[in-house]
Amino acid sequence: MIGKFVKVAATAVFVATAVHAYREGETHGDYYGIPFDFRMPTVDRIRERVWNPDDYRVITPTAFGVGWCINLYQAGCQMGFIQDQQQDQQDETRPSREL
């Protein structure tokens, strides 16, 4: 029962967002805080959303469609599977605090 409700709610949000985008003539943006992007996906945009060491967010706007996707690089760093090289470089240049 709850699964069916979730499917119907997700479909309603998708349809409302698509109608908003069509009426406003927008190809990307957000609708009540829900991001959407109906532009043709490119390799660069997919890489920017799915594997981006420069973006600190784990949850990013989707590369195509409605909703969010996961920045796998940052998720891997948070779980300890990936060692963040940028953070290591910052740690090396930061002066140590000795008491």
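**Warm-up.** Is Tyr32 buried or exposed? Let's work it out on this predicted model.

*Solution.* Start with the cut-off: exposed means over 50% relative accessible area. Tyr32 comes in at 74%, so Tyr32 counts as exposed. Next, find its place in the chain: Tyr32 sits in the loop between β1 (28–31) and β2 (34–37). Finally, look at the backbone. Tyr32 has a phi near 55°, which is positive even though the residue is not a glycine. As background, most residues other than glycine have a negative phi.

**Exercise 1.** Work out how many helices and strands the chain has, and in what order they come.

*Solution.* Step one is the count: you should get four helices and five strands. Step two is the order. Walking along the sequence, you meet α-β-β-α-β-β-β-α-α. Step three puts some residue numbers on the pattern: helix α1 covers residues 2–24, strand β3 covers 59–61, and helix α3 covers 72–79.

**Exercise 2.** Describe the chain as a whole: its burial, its surface and its contacts.

*Solution.* Take burial to begin with: the chain has 99 residues, and 23% of them count as buried. Then the surface: about 7900 Å² is exposed, with carbon and sulfur atoms supplying 59% of that area. Last come the contacts. Take those with a separation of 6 or more; 24% of them join residues 24 or more positions apart.

**Exercise 3.** Look for disulfides, and then check how Cys69 and Cys77 are placed.

*Solution.* Searching the whole structure gives zero disulfides. For the placement you need one cut-off: buried means under 20% relative accessible area. Cys69 has 16%, so Cys69 is buried. Cys77 has 17%, so Cys77 is buried as well.

**Exercise 4.** Count the aromatic pairs, then classify Phe14 with Phe38.

*Solution.* The structure holds four aromatic pairs. For Phe14 and Phe38, the ring centres are 6.4 Å apart and the planes meet at 85°, so this pair is edge-to-face. The two rings come from distant parts of the chain, 24 residues apart: Phe14 belongs to helix α1, while Phe38 lies in the loop between β2 and α2 (43–50). How covered are they? Phe14 is partly exposed at 41%, and Phe38 is partly exposed at 28%.

Now do the same for Trp51 and Tyr73. Their ring centres are 5.4 Å apart with 80° between the planes, which is edge-to-face again. This pair also links distant parts of the chain, 22 residues apart, with Trp51 in the loop between α2 and β3 and Tyr73 in helix α3. Their accessibilities tell two stories: Trp51 is partly exposed at 41%, whereas Tyr73 is buried at 9%.

One more step: go back to Phe14 and Phe38 and look for another ring. Ring pairs join Phe14, Phe36 and Phe38 into a cluster.

**Exercise 5.** Find the residues that make a nonpolar surface patch of about 530 Å².

*Solution.* The patch is made by Trp51, Ile59, Trp68, Ile70 and Leu72. Let's check two of these members. To join a patch, a residue needs over 30% relative accessible area. Ile59, found in strand β3, has 48% and is partly exposed. Trp51, which you met in Exercise 4, has 41% and is also partly exposed. Both values pass the cut-off of over 30%.

Definitions and conventions
Residues are numbered from 1 along each chain as its sequence is written. This is a predicted model: local features need pLDDT of at least 70, side-chain atom pairs count only at pLDDT 80 or more; totals for chains, interfaces and linings use all residues. Side-chain values use heavy atoms; hydrogens and water are left out. A disulfide is a pair of cysteine sulfur atoms within 2.5 Å. Buried means under 20% relative accessible area, exposed over 50%, partly exposed in between (1.4 Å probe, protein chains only). Patches are made of residues with over 30% relative accessible area and no salt bridge: like charges are joined within 9 Å, nonpolar side chains (Val, Leu, Ile, Met, Phe, Trp, Tyr) within 5 Å. Accessible areas come from the Shrake-Rupley method with a 1.4 Å probe; for residues, only the protein chains shown count as cover. A salt bridge is a side-chain nitrogen of Lys or Arg within 4 Å of a carboxyl oxygen of Asp or Glu. Helices (H or I, at least four residues) and strands (E, at least two) are DSSP runs, numbered from the N terminus. Contact means heavy atoms within 4.5 Å. Rings of Phe, Tyr and Trp (its six-membered ring) pair if their centres lie within 6.5 Å; planes under 30 degrees apart count as stacked, over 60 as edge-to-face and the rest as tilted.
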